Amino acid sequence: MTMTDLALAHLTVLDVAPPALFDLAARAGYQKVGIRILPAAPGAVSYPIDRATVIEWRRRMADAGVGAHDVEFLPLTPDVCVHDHAQALALAAELGAKRFSVSGDDADTDRLAERFGTLCDLAADVGMGVDLEFMRFRIVGTLPQALDVITRAGRRNGRLLIDLLHLFRSGGTAAMLRAVPAEAFGSVQLCDARREDPTNAGIVEEAREGRLFPGEGELPLAAFMDALPGGIAVSVEVPAARTHPALGPAECAAAACAASRRLLAGWRPSR
């Protein structure tokens, strides 16, 4: 069986800026990287892309031997103007990125689906796709909600991003994954966590700095992965500043990669 490429999700080591990110990822054993080019919330950490960075980052990625998996992160809020991000998409495509990750933060589902579809069209123009990630603490918080949005949008390049922590915390199951058409999946993000729910008061902190390496916690990771199609893109998102405070970014990335490889060694995708 061909070894699955692993991408290092930027949140795992968000304080490491490109191009140092590329060298770190390569040394840790990853084949690809995700890059946070837009802030997940106002004022949050991000590394904006422009013409000069594309040239430099492409050279440094080639030197390191890694490619770009995705760029992130755009919350689709009621006041977002998706056309404002056309240039960023074009530059990301030049960088080699294949997917653009977004969240659903608009209670008007028709408007959200329309804007998601428009963003998919902009991405398609430069050969990219858009992955919608659901999180319990956002408006689109469950797998059925996210599937509804991409179904309403009806774009072939508009798909789901399945973060296994968010799936579990929102009540998702392997059976629910198996019921989703294979073509609806874009990417999956690996991590682990304790089974006990952190409650709404602690769920954001857990997601952003309290995850565990795959196999270290109690989530049904094997069942989740086996319910997904074999061709899905795989990344590793384990921000662990609270759960592993003694580990620096390089050590955290390497440990997450090794743990993910152990999980994937037993992966038996059902389709």
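Contact here means heavy atoms within 4.5 Å. Keep that cut-off in mind while you click around, and remember that this is a predicted model.

**Stop 1: Leu132.** Select Leu132, which sits in strand β5 (residues 129-133). Leu132 is buried, because its relative accessibility is 0%. Now show what surrounds it. Leaving aside neighbours within four places in sequence, Leu132 is in contact with Val102, Ser103, Gly104, Phe116, Val140, Ala146, Val149, Ile150, Arg159, Leu160 and Leu161. If you want a distance label, draw one from the C-alpha of Leu132 to the C-alpha of Ala223: they are 22 Å apart in space and 91 residues apart in sequence.

**Stop 2: Phe116.** Hop from Leu132 to one of its contacts, Phe116. With residues up to four places away in sequence not counted, Phe116 touches Leu76, Val102, Val130, Leu132, Val149, Ile150, Ala153, Gly158 and Arg159. The largest nonpolar core has 90 residues, and Tyr30, Phe116 and Ile162 are the ones that touch the most other members. Colour those three to mark them.

**Stop 3: the aromatic pair.** Which two rings should you pick next? Take Phe22 and Trp57, whose ring centres are 6.2 Å apart. The count of aromatic pairs comes to one. The planes of Phe22 and Trp57 stand at 80 degrees, so the pair is edge-to-face; the cut-off for that label is over 60 degrees. Phe22 belongs to helix α1 (residues 20-28) and Trp57 to helix α2 (residues 51-64), so zoom out a little: the pair links distant parts of the chain, 35 residues apart. Are these two buried or exposed? Phe22 is buried, with a relative accessible area of 0%, and Trp57 is buried as well, at 4%.

**Stop 4: α2 against α3.** Stay on α2 and add helix α3 (residues 86-95); the two axes come within 9 Å and cross at roughly 20 degrees. Angles under 35 degrees count as roughly parallel, and α2 and α3 are therefore roughly parallel to each other. The crossing of α2 past α3 is right-handed. For the side chains, show Arg51, Val54, Trp57, Arg58 and Met61 in α2, which meet Leu91, Glu94 and Leu95 in α3. Trp57 turns up again here.

**Stop 5: Thr12.** Finish in the loop between β1 (6-8) and α1, where you'll find Thr12. Thr12 counts as buried because its relative accessibility is 8%. Residues up to four places away in sequence aside, Thr12 touches Val236, Glu237, Val238, Pro239 and Cys252.

Technical notes. Residues numbered from 1 in each chain as written. Predicted model: local features only at pLDDT ≥ 70, side-chain atom pairs only at ≥ 80, totals over all residues. Heavy atoms only, no water. Phe/Tyr/Trp six-rings, centres within 6.5 Å; stacked < 30°, edge-to-face > 60°. Helix = DSSP H or I, 4+ residues; strand = E, 2+ residues; numbered from the N terminus. Buried < 20%, exposed > 50% of the residue type's maximum accessible area, 1.4 Å probe, protein only. Core = buried A, V, L, I, M, F, W, Y, C linked by side-chain atoms within 4.5 Å. Axes fitted to C-alpha atoms, helices over the stretch in contact; angles between N-to-C directions. Parallel < 35°, antiparallel > 145°, perpendicular 65-115°, else oblique. Left-handed = near helix turned anticlockwise from the far one by under 90°.
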